[in-house]
Amino acid sequence: MEVVHFAPAQSHLLRTRFAGNDAVNASSAAFRSSGVKKLIYARLSKPAAETLPCVEQLPRVLPLTPPPPPAAEKPLSRVSPSSLQCESGYLVRNERPDNGALKNGTLIAMESKLSAMDYLTNILASKVYDVAYESPLQLATKVSGRWGVNVWLKREDLQPVFSFKLRGAYNMMAKIPKEQLQRGVICSSAGNHAQGVALSAKRLGCNAVIAMPVTTPEIKWRSVERLGATVVLVGDAYDETQAYAKKRAEEEGRTFIPPFDHPDVIIGQGTVGMEIVRQIKSPIEAIFVPVGGGGLIAGIAAYVKRVSPEVKIIGVEPFDANAMALSLHHGQRVMLDHVGGFADGVAVKVVGEETFRLCRELIDGVVLVSRDAICASIKDMFEEKRSILEPAGALALAGAEAYCKYYGLKGANVVALTSGANMNFDRLRMVTELADVGRRREAVLATYMPEELGSFKKFCELVGPMNITEFKYRYSSAKEALVLYRQEMYSCTSTGFHKEQSTLLSFNVL
Ligand SMILES: Cc1ncc(COP(=O)(O)O)c(C=O)c1O
């Protein structure tokens, strides 16, 4: 686990809890206390994971059989993100259907006539370059040296609207017949998709309405407005905003542009995969792709697995927004009962039907990472290229690091997609604070301290020689105060640390 875990201890004098933000630990604790039966429990130690059979066979990309008539729609199972537990970097494998093709109608709920070959040829013919750049593929020299792996960054954060999203939006919109386009387009989004649609509409000279939740920060809706789109702030939650957009599309004859679940959107995102294959000359071990609804990874996999099937396509999700990992694990789409919003670009409760169908067939699996690890990768990227990524934009880099370390990869070429840079400025403070926790340079701890003479002295004695970098005291009751503090971890030798750790343990580590 990416967490220094202090077990509960005995004394009531000082109860201390690691607050280093690990979704898995927090949620498993919640599970323990709630007594709810887990749907899956897949905690794997490293040695155990290594004995699992390796999926070495190359995925077979067969033309899809025609979809059967649509079955009566079953409601999606609701699951908690914490029902899937594994170590950061462990590959939640995609156990593909045996025959390499899709088995039955439960996987093909969407009327798709596109075969794998159709995806490939459409990607090759895509018009995204009217609006997007061929982004550079750059070697990250510092992290490469540190990990012992050649880490290539596919810089989608350098696109005109600072994310890859304009590729899919433009590809779909450029295919809409002229008369239809004149009636305008509409989408619902709180972020990067909105900007992609707005810029594409500007290029194509059509009218665009962008529905955004009322909670959208002003900086975001203003940048959409600056691109010439009409912004409508509607709905507290994304579902309400989407319902409004779909209704208005029907009423006004506008075309609804979905953020990920449409073949033309997937094809547009697939051009990223085409560029990677063209740009790198040496063999690639794996491409790490951030996953929200799955449009980006489905598009990349549709191209790369067709032309270089030996390259692993690995999705990366936050522990608390793991809809694709859980859907692959269950062999069908599931709905998260809640979703963590830190990496807001990928905070999706349900992956798409078409994206899931493609991922189920093509990708190798998904790795999960913590919020602290994402922050550490934002810092790495800043040190490497002086660029600031948004959390979803740094997700793939965090996943690549966790995977390479977990499996002890050395000397290989791996690609991490830096997918976006639309960072809320006021989030930066939190990111810098958590970055050192992600690197395990600091631990954030919370403790209750008795409100009595000598408590602080006692606390200092317990902490001993370890550097405290932050200390916050809050009066909580006449009996005890809540204290939050950060401790440098590299200031102690490991033996010294363990000695101190055990001292803390004797004072009721929570
Ligand atoms: C920056 C960023 N990265 C990754 C994603 C995930 O893309 P997808 O929803 O296609 O999986 C998004 C989605 O909006 C995004 O904005």
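How many residues surround the ligand, and which are the closest? I started there. I note that the model is a predicted one.

**Entry 1, the ligand.** I found 20 residues around the ligand. The closest are G292, G295, G345, S419 and G420. I then looked up which elements supply the shell: α7, α11 and α15 (391-406) each give two or more residues to it. Sorted by class, the shell holds six nonpolar, twelve polar and two charged residues.

**Entry 2, the chain as a whole.** I counted 18 helices and 17 strands in the protein chain. The chain has 510 residues, and 47% of them are buried. I also checked the contacts with a separation of 6 or more: residues 24 or more positions apart account for 77% of these.

**Entry 3, the seven-stranded sheet.** I traced an open sheet of seven strands. Its order is β3-β13-β11-β10-β14-β5-β4, and the pairing is mixed. At the edges I found β3 (92-93) and β4 (137-139), each of which pairs on one side only. I wrote down a general reminder here: strands of a sheet pair through backbone hydrogen bonds, in a parallel or an antiparallel way.

**Entry 4, strand β10.** I went next to β10, which covers residues 286-290. Is β10 mostly covered or mostly open? Five of its five residues are buried, so to speak of it as mostly covered is in order by the definition of 20 or more other C-beta atoms within 10 Å. I looked at the two faces separately. A286, F288 and P290 lie on one side, I287 and V289 lie on the other, and all of them are buried.

Then I looked up the neighbours of β10. Strand β11 (residues 312-318) runs parallel to β10 and is joined to it by five bridges. Strand β14 (residues 413-418) is also parallel to β10, with three bridges between them. A286 has a bridge partner in each: K312 in β11 and V414 in β14. Between β10 and β11 comes helix α11 (residues 295-307), and the three elements make a right-handed β-α-β unit. I noted that α11 is also one of the elements listed for the ligand shell.

**Entry 5, the four-stranded sheet.** I found another open sheet, of four strands, in the order β8-β7-β6-β9, with parallel pairing. Why do β8 and β9 each have one side without a neighbour in the sheet? β8 (230-233) and β9 (255-256) stand at the edges and have a single partner strand each, so nothing in the sheet flanks their other side.

Within this sheet I checked β6 (residues 185-188) against β7 (residues 208-212). They pair in the parallel sense over four bridges, and the bridge partner of I186 in β7 is V209.

Two helices lie across these strands. Helix α7 (residues 192-204) lies across β6 and β7 and runs at about 170° to β7. Helix α8 (residues 218-226) lies across β7 and β8, at about 150° to β8. I marked α7 again as one of the elements in the ligand shell.

**Entry 6, helix α16.** Last, I looked up which residues of helix α16 (residues 428-438) are buried: V431, L434, A435, D436, V437 and G438. The buried residues of α16 pack against α14 (371-385) and β15 (442-450).

Definitions and conventions
Residues numbered from 1 in each chain as written. Predicted model: local features only at pLDDT ≥ 70, side-chain atom pairs only at ≥ 80, totals over all residues. Buried ≥ 20, exposed ≤ 12 C-beta atoms within 10 Å, placed from the backbone. Pairing = 2+ DSSP bridges. Right-handed = clockwise from strand over helix to strand, strands pointing away. Contact = placed C-beta atoms within 7 Å. Axes fitted to C-alpha atoms, helices over the stretch in contact; angles between N-to-C directions. Near = placed C-beta within 6 Å. Nonpolar A, V, L, I, M, F, W, Y, C, P; charged D, E, K, R; others polar.
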